[in-house]
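You asked for a quick orientation before you start clicking around. Here are my notes, in the order I would look at things.

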2 protein chains.
Amino acid sequence: MESQDLRKAGLKVTLPRIKVLEILESAQQRHMSAEDVYKALLEMGEEIGLATVYRVLTQFEGAGLVSRLSIEGGHAVFELEDGSHHDHLLCVRCNQIEEFIDEVIEQRQRAIAAEKGFQMTDHSLYIYGICRNCQS
Amino acid sequence: MESQDLRKAGLKVTLPRIKVLEILESAQQRHMSAEDVYKALLEMGEEIGLATVYRVLTQFEGAGLVSRLSIEGGHAVFELEDGSHHDHLLCVRCNQIEEFIDEVIEQRQRAIAAEKGFQMTDHSLYIYGICRNCQS
DNA sequence: AATATAAATGAAAACCTTTCTCATTTACAC
DNA sequence: GTGTAAATGAGAAAGGTTTTCATTTATATT
Ligand SMILES: [Mn+2]
Ligand SMILES: [Mn+2]
Ligand SMILES: [Zn+2]
Ligand SMILES: [Zn+2]
């Protein structure tokens, strides 16, 4: 039940928050922009403002319910947080997004930050390319 | 001579292009936003419009003279292209940028793209953190 | 050196995603 | 049920970047 997730996250249980969570949980695409979520809500018959969608997604991010990807050039993309850190491959033709985890890379990043005297707070890695389907 | 670089890149030799190239070559900071370049031009006494700075930087990118970093949340940053690919560490406090190259990461990225059937066209890796100076 | 012409420029408007403002509505503790 | 703080919707605003369009400039040609 979404209400429980919201309460657990310290957020008041409101219709926009329930519906946005529903969308994220049931959507065919795991990675969605605020606009995507907004459109899905409209199709669902829910008249929730885009500003509210942004607000809710940002709150969800703060509460650890979703994470935000900052993709090159474009808009932000959100996905349900499942606790497992991973990075992304993006198809530049069809915008499909795939996920991967690579411990070697994770470890090298930590080593590089340490080497340079940086206290690492975050990192972002995107591999851009043409997915199998889109290779003519 | 900047004129030669421009001609070689197939660009007409104009004052804005020469001056922007001069700025990039002589600036104390290797990574500059369009706004940074614009301000440097003003200090130099050159009244070149911000729109032109953006246009010129984008053309330079197309010509392979500069590369563009798309940093999280903020504005784009440009740097002279020197042929050597590298990635970046960014201080979230002072915005200082450091560079690094890691062949292990590069190779893992290629392997992951291959594994997923992606024809890799590009990749971007940013490590965010607090630099040595900024650690209280 | 003067001319023609396509390209480049400056200023301002437009763009696009995201955030903010503020009046109104809602959730929830009492 | 009531009261109050929090959340919402609509639209304005923000901020970086791009576009538009009239004017200027670089360069090929005479
Ligand atoms: Mn993901
Ligand atoms: Mn660099
Ligand atoms: Zn594809
Ligand atoms: Zn710093």
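1. Start with one pair of residues: Asp122(A) has Tyr128(B) as its bridge partner in E5(B). That pair belongs to a longer run, since strand E5 (residues 119-130) of chain A and strand E5 (residues 119-130) of chain B are joined by eleven bridges. The two strands run antiparallel. Keep in mind throughout that this is a predicted model.

2. Now zoom out to the sheet. Six strands form an open sheet with mixed pairing, and reading across you get E4(A)-E3(A)-E5(A)-E5(B)-E3(B)-E4(B). At the edges sit strand E4 (97-100) of chain A and strand E4 (97-100) of chain B, each pairing on one side only. Ignoring direction, neighbouring strands here are turned by 25° against each other on average.

3. Next, the helices lying across those strands. Helix H5 (residues 103-115) of chain A lies across E3, E4 and E5 of chain A together with E3, E4 and E5 of chain B, and it runs at about 135° to E5(A). Helix H5 (residues 103-115) of chain B lies across E3, E4 and E5 of chain A together with E3 and E5 of chain B. This helix of chain B runs at about 135° to E5(B).

4. How are the two chains related? Chain A superposes on chain B with an RMSD of 0.3 Å after a rotation of 179° and 0.0 Å of shift along the axis. The copies are thus related as by a two-fold rotation axis. To find that axis, look for Leu125(A): of the residues of chain A, its C-alpha comes closest, at 2.2 Å. The copies also meet through the same surface, because 100% of the interface residues of chain A are interface residues in chain B too.

5. Then have a look at the zinc ion (ligand 3). Its protein donors are the SG atoms of Cys91(A), Cys94(A), Cys131(A) and Cys134(A), at 2.2 to 2.4 Å from the ion. Along the sequence these donor residues follow the spacing C-x2-C-x36-C-x2-C. Why call the site tetrahedral? The four donor atoms subtend angles of 102 to 115° around the zinc ion (ligand 3), which makes the arrangement tetrahedral. For reference, the ideal angle for four tetrahedral donors is 109.5 degrees.

6. One last check on the zinc donors: which are buried and which are partly exposed? Cys91(A) is buried, because its relative accessible area is 2%. Cys94(A), at 38% relative accessibility, counts as partly exposed.

Technical notes:
Residues are numbered from 1 along each chain as its sequence is written. Chains are lettered from A and ligands numbered from 1 in the order in which they are written. This is a predicted model: local features need pLDDT of at least 70, side-chain atom pairs count only at pLDDT 80 or more; totals for chains, interfaces and linings use all residues. Side-chain values use heavy atoms; hydrogens and water are left out. Two strands pair if DSSP finds at least two bridges between them. Helices (H or I, at least four residues) and strands (E, at least two) are DSSP runs, numbered from the N terminus. Axes are lines fitted to C-alpha atoms, for helices over the stretch in contact, and angles run from 0 to 180 degrees between N-to-C directions. Contact means heavy atoms within 4.5 Å. Donors are N, O and S atoms within 2.8 Å of the metal (3.2 Å for Na, K and Ca); water is not among the atoms, so sites may look incomplete. Four donors count as tetrahedral if all angles lie between 85 and 135 degrees; four count as square planar and six as octahedral if opposite donors are over 155 degrees apart and all others between 65 and 115; anything else is irregular. Buried means under 20% relative accessible area, exposed over 50%, partly exposed in between (1.4 Å probe, protein chains only). Copies are superposed by least squares on the C-alpha atoms of residues with pLDDT of at least 70 in both.
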